[in-house]
Amino acid sequence: MKRIIFTTLICTAPIFANATDMCARDNVMVLAFDPQVLGTSAGNNAAEWSWWTQFPYGRIAGEATCLSAAEGLGRTSGRGRYYGTGEYASTFITVDSGLSGVDANGAERKYCWCKMTHPAASRWVFDEAMGTHCAASCASYCSMHLMSGSYPAFKKGFFETIGM
């Protein structure tokens with residue numbers, strides 16, 4: 001009898017040990033993004049408006065753009081916000097990456113916005129007002145502010161909008 005119980009335990013132990021592998025289906029990967037986790041390194045390519053931040057759980061990468069107040073639907077402050085203000089308070093920002101200079105009305109594009117593109121897609125998230133150096137520094141600010149522990153609202157904005 002002892003031999004049967006022992007053999008049964010030995011045969012079923014590998015099933016329990018591999019249970020976490022059996023939960024993944026259809027090549028789906030599950031990541032838990034935690035705004036409290038600090039990045040370990042960051043980088044950017046200002047010419048391509050791209051950035052990345054390395055975390056202990058993997059790399060997050062994305063795009064940057066500079067918008068005028070009108071293009072940001074009135075949003076000129078509120079790091080981590082991903083929608084306009086006033087009558088646009090529930091409207092997401094939808095623009096292309098890499099905008100700089102002036103908008104169609106001649107207004108300066110001086111507000112930095114960032115978007116995660118890998119490993120998931122987020123909405124455009126407001127970073128900060130930058131003035132004339134927005135085009136040169138926006139991608140760098142996106143990566144550094146996501147890496148830092150000093151900007152929890154910024155990280156939260158990215159992670160809240162995944163899949164929206």
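Is A129 buried, partly exposed or exposed? A129 is partly exposed, because its relative accessible area is 45%. Keep in mind that the model is predicted.

Start with the surroundings of A129. This residue belongs to strand β5. Leaving aside residues up to four places away in sequence, A129 touches T76, K110 and Y111. C112 is another residue to find here. Its C-alpha lies 6.2 Å from that of A129, although 17 residues separate the two in sequence.

Now turn to Y111, which sits in strand β4. Y111 pairs with F126 of strand β5, 15 residues away, and the pair links distant parts of the chain. The ring centres are 6.4 Å apart and the planes meet at 40 degrees, so this pair is tilted. Both Y111 and F126 are buried. The structure holds 7 aromatic pairs.

Other aromatic rings come together as a group. W51, F154 and F158 form one aromatic cluster. W52 has a charged partner instead: the charged end of R59 sits over the ring of W52, 3.8 Å from the ring centre.

Next come two helices. Helix α3 spans residues 134-147, and helix α4 spans residues 152-160. Their axes come within 8 Å and cross at roughly 100 degrees. The two helices are therefore roughly perpendicular to each other. Which residues make the contact? On the α3 side they are C142, H145, L146 and M147. On the α4 side they are F154, K155 and F158. By type, the residues of this contact divide into 5 nonpolar, 1 polar and 1 charged.

The spacing along a helix helps in reading such a list. An α-helix has 3.6 residues a turn, so residues three or four places apart point the same way.

Look closer at α4. F154, K155, G157, F158 and F159 are buried in this helix. What covers them? The cover includes helix α3 and the strands β2 (50-55), β3 (58-67), β4 (111-118) and β5 (125-129).

Across the contact, L146 deserves a stop. L146 is part of helix α3. Its relative accessibility is 0%, so L146 counts as buried. Beyond four places in sequence, L146 touches W51, T53, F55 and I60, and also F154, K155 and F158. Thus L146 touches each member of the aromatic cluster of W51, F154 and F158. L146 also has a distant residue beside it in space: the C-alpha atoms of L146 and G39 are separated by 7.3 Å, with their positions 107 residues apart along the chain.

Finally, follow the backbone through the loops. Most residues other than glycine have a negative phi, and most peptide bonds are trans. Three places depart from this pattern. W49 has a positive phi, near 60 degrees. W49 lies in the loop between β1 (41-45) and β2. With a relative accessibility of 11%, W49 counts as buried, because the cut-off is under 20%. L73 also has a positive phi, near 55 degrees. The loop between β3 and β4 holds L73. A cis peptide bond joins H118 and P119, with omega at about 10 degrees. P119 is located in the loop between β4 and β5.

Methods:
Residues numbered from 1 in each chain as written. Predicted model: local features only at pLDDT ≥ 70, side-chain atom pairs only at ≥ 80, totals over all residues. Heavy atoms only, no water. Axes fitted to C-alpha atoms, helices over the stretch in contact; angles between N-to-C directions. Helix = DSSP H or I, 4+ residues; strand = E, 2+ residues; numbered from the N terminus. Parallel < 35°, antiparallel > 145°, perpendicular 65-115°, else oblique. Contact = heavy atoms within 4.5 Å. Nonpolar A, V, L, I, M, F, W, Y, C, P; charged D, E, K, R; others polar. Buried < 20%, exposed > 50% of the residue type's maximum accessible area, 1.4 Å probe, protein only. Phe/Tyr/Trp six-rings, centres within 6.5 Å; stacked < 30°, edge-to-face > 60°. Lys NZ or Arg CZ within 6 Å of the ring centre and 35° of its normal.
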